Number of protein chains: 2
Amino acid sequence: MNYRNQQSTRKSAEQAPVLPATAVPDSGPLTREELQLAARNHSMPLEALRREVTPPGLHYVLTHFDIPDLDASSWHLRIGGAVERALELSMAALRRDPAITVPVTLECAGNGRSLLEPRPLSQPWVLEAVGTAHWTGVPLAYLLGKAGVLPHAREVVFTGADAGVQGGVPQHYARSLPIREALRPDVVLAYRMNGLDLPPQHGYPLRLVVPGWYGMASVKWLQSIEVVRAPFAGFQQQSAYRYQESADDAGTPVTRIRVRSLMVPPGVPDFFTRQRFLPAGPVMLEGRAWSGEGAVTAVDVGIDGTWVPAHLEKPAGGFAWRRWSLPWVADPGEHVLACRATDITGATQPLEQHWNYQGMGNNVVQQVRVTVE
Amino acid sequence: MNYRNQQSTRKSAEQAPVLPATAVPDSGPLTREELQLAARNHSMPLEALRREVTPPGLHYVLTHFDIPDLDASSWHLRIGGAVERALELSMAALRRDPAITVPVTLECAGNGRSLLEPRPLSQPWVLEAVGTAHWTGVPLAYLLGKAGVLPHAREVVFTGADAGVQGGVPQHYARSLPIREALRPDVVLAYRMNGLDLPPQHGYPLRLVVPGWYGMASVKWLQSIEVVRAPFAGFQQQSAYRYQESADDAGTPVTRIRVRSLMVPPGVPDFFTRQRFLPAGPVMLEGRAWSGEGAVTAVDVGIDGTWVPAHLEKPAGGFAWRRWSLPWVADPGEHVLACRATDITGATQPLEQHWNYQGMGNNVVQQVRVTVE
């Protein structure tokens, strides 16, 4: 089985191992397979919303296959396809190129999936598959300039070292970007996260980071970049990460992050239920809001169904989340808190989640139940 | 509600919030509560068994309550109780004390819980709640010496800054150690993990690390140490972390880690099922084995039910895991691989898991199904 060269072909039914397709919706209980994924991958505990920058281990991680164990000293990035000069670059060479650092909020496109009914069978995220880091590396545009993009280039395909089978298709994880997105000045080939070498699970030694897009675009363990003149037909582009109404719907591609806000649940939790308890009196409600379409312009906080505008801190810049806060005087009893962000395009979070077949792009308003004593 | 002073009292039924008790076994589907815990906490993806030292984000994490956000500059450790001199130490003071570095394999006492039937309702670990790190800090014995332990001291109680409700009981997370264990030379108050400041989720700025014991003993976000002359009756000591046959059984305390081995699943995975695929031919099977009772003396690898002794590397020392490997020539077809460790006490991993009410101390032999093509 050659994992490298079969990215764009679905195996025929006889060839394919008989496996459950992912993203088949199910109204039943969580399956063993979903639990295995939940144990491997992890989201960001919501109390980490207090931090402007999310450290490794708190930042969400989704790996489709295994985390590769790569040796940076022998590793090379290949740049080829519709370019004037194919390049092969060592990490040492990349580190000599000009570097930028961008603060970026990344969110998994499947965040919130487990709240849908029926539930698409895949990584069963609850609400917290998000994180913000400072990514340092070479601007992709600089390297594409070095290679020289030929006329009629349409997309850039990024392939990781991580390999496996999904939907019956052996593959390396690979995604493309339209050429105009690839040339944005803030798209970075990152070798540092928050000032340190990338951790293994975040793509060591090199990954792509595409600010504003859901995480699937930011290919980890990046080993090749290919400029192409036709739309990329790889599994993760053409089959996965699409907004579909049903299995038969070709759907539309998942791209930028929809506007969202989350709240640090106030008070303290019950271990098992995560129900929150806090004493009566003043408490500062706080959280972060972000959108891949542009600046967050408002966050409203719902207190038992009444919406109050929150104070917004100055944006951190780029596509990093923005802190919001609102003082609240908690009176004894049961309360439901919520937060709802709006971005510069006028998009706002829905109060009820629109269902889609793969469970993508969920941005329903978070609700936090608290008991004030 | 005072979380600090109610550790050793169960609230009466009227006082207690009506909450599901944890650890009630259930034969039904995974609950929303279990999924929330699985999303917050994370285990170690098994491919990380290749690494002798587990980086943050791959090392397992279990937090009962929220991860505290502590300021090391204003933080103090209090040492009191049955001592000659109560102490209050800043991080700066602790860093001036002699430091040791110990390599330690930590495993959650509830590892494997989700494989039990009926399944105790708590964090639904599969098999991978483990990790090995190098912990640096002050030997606990040194600080107990500084404080001077008074006669008739029986246990040492460690209390973290993390607070919440469990089993209806408001509490700070707190555990005790028998005085003879607390005085072991390898028990450390750690402020560094793998050479860097502790990450927030591993107990920043200071935690206890008790080599050889399941992870519940290694109290994170440590804020006080109290020498006591009577057995500690806190919730995490007297109610949680016990081997019980039923709810009514007082049970026995969970202490040291039972012998266990795990394998790096060979080949590549299917995204959803995690079924493994590999080409026919030679492959090196490898993994790690550990025991809190003493040295691992043998690992046997099961290949379709036939057991073959693996090669054991030199121990890394202390209670850190030991690497094992076995070359295998994979022939086409479906195979079941397994690994089974034995320690110096003669204890070996069971082929079938013995059930207990809280799902503690599971160390059943891991099985890996592979398709060789």
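Trainee: Which side chain does B:R276 meet in a salt bridge?
Mentor: The side chain of A:D66, at 2.6 Å from N to O. A salt bridge here is a side-chain nitrogen of Lys or Arg within 4 Å of a carboxyl oxygen of Asp or Glu. Before we go on: this is a predicted model, where local features need pLDDT of at least 70 and side-chain atom pairs count only at pLDDT 80 or more, while totals for chains, interfaces and linings use all residues. Residues are numbered from 1 along each chain as its sequence is written, chains are lettered from A and ligands numbered from 1 in the order in which they are written, and side-chain values use heavy atoms, with hydrogens and water left out.

Trainee: OK, and why does that pair join two chains?
Mentor: B:R276 sits in strand β17 of chain B and A:D66 in the loop between α1 (32-40) and β2 (76-81) of chain A, so the pair joins two chains. Helices (H or I, at least four residues) and strands (E, at least two) are DSSP runs, numbered from the N terminus.

Trainee: Which other side chain of chain B meets A:D66 in a salt bridge?
Mentor: B:R274 does, at 3.7 Å from N to O.

Trainee: How many salt bridges are there between chain B and chain A?
Mentor: Eight between chain B and chain A, and the count over all chains is 30. On top of that, 24 residue pairs across the interface are in polar contact, both residues at pLDDT 80 or more. A polar contact is a pair of N or O atoms within 3.5 Å; within protein, one must be able to donate a hydrogen and the other to accept it, and residues adjacent in sequence count only if both atoms are side-chain atoms.

Trainee: Which elements of chain B supply the side that touches chain A?
Mentor: α1 (32-40), β7 (155-166), β16 (268-269) and β17 (276-278) each supply at least two residues. α1(B) gives the most, with nine residues. By class, that side has 33 nonpolar, 17 polar and 14 charged residues. Ala, Val, Leu, Ile, Met, Phe, Trp, Tyr, Cys and Pro count as nonpolar, Asp, Glu, Lys and Arg as charged, and the others, Gly among them, as polar.

Trainee: What area is buried between the two chains?
Mentor: About 5700 Å², with carbon and sulfur atoms giving 63% of it. Buried area is the accessible area (1.4 Å probe) that two parts lose on being put together, summed over both. In chain B, the residues that lose the most area to chain A are B:R40, B:F271 and B:F272, together 15% of what that side buries.

Trainee: And how many residues of chain B are in contact with chain A?
Mentor: 64 residues of chain B, with 64 residues of chain A. Contact means heavy atoms within 4.5 Å.

Trainee: What turn lays chain B on chain A?
Mentor: A turn of 180°, with a shift of 0.0 Å along the axis and an RMSD of 0.0 Å. That is the relation of a two-fold axis. The same surface serves both copies, as 100% of the contact residues of chain B recur in chain A. Copies are superposed by least squares on the C-alpha atoms of residues with pLDDT of at least 70 in both.

Trainee: Which residue of chain B comes closest to the axis?
Mentor: B:G57, with its C-alpha at 1.7 Å.

Trainee: New topic. Is the peptide bond from B:E117 to B:P118 cis or trans?
Mentor: Cis, with omega near -5°. B:P118 is in the loop between β4 (100-107) and β5 (119-120) of chain B. Another cis peptide bond joins B:Y204 and B:P205, with omega about 5°.
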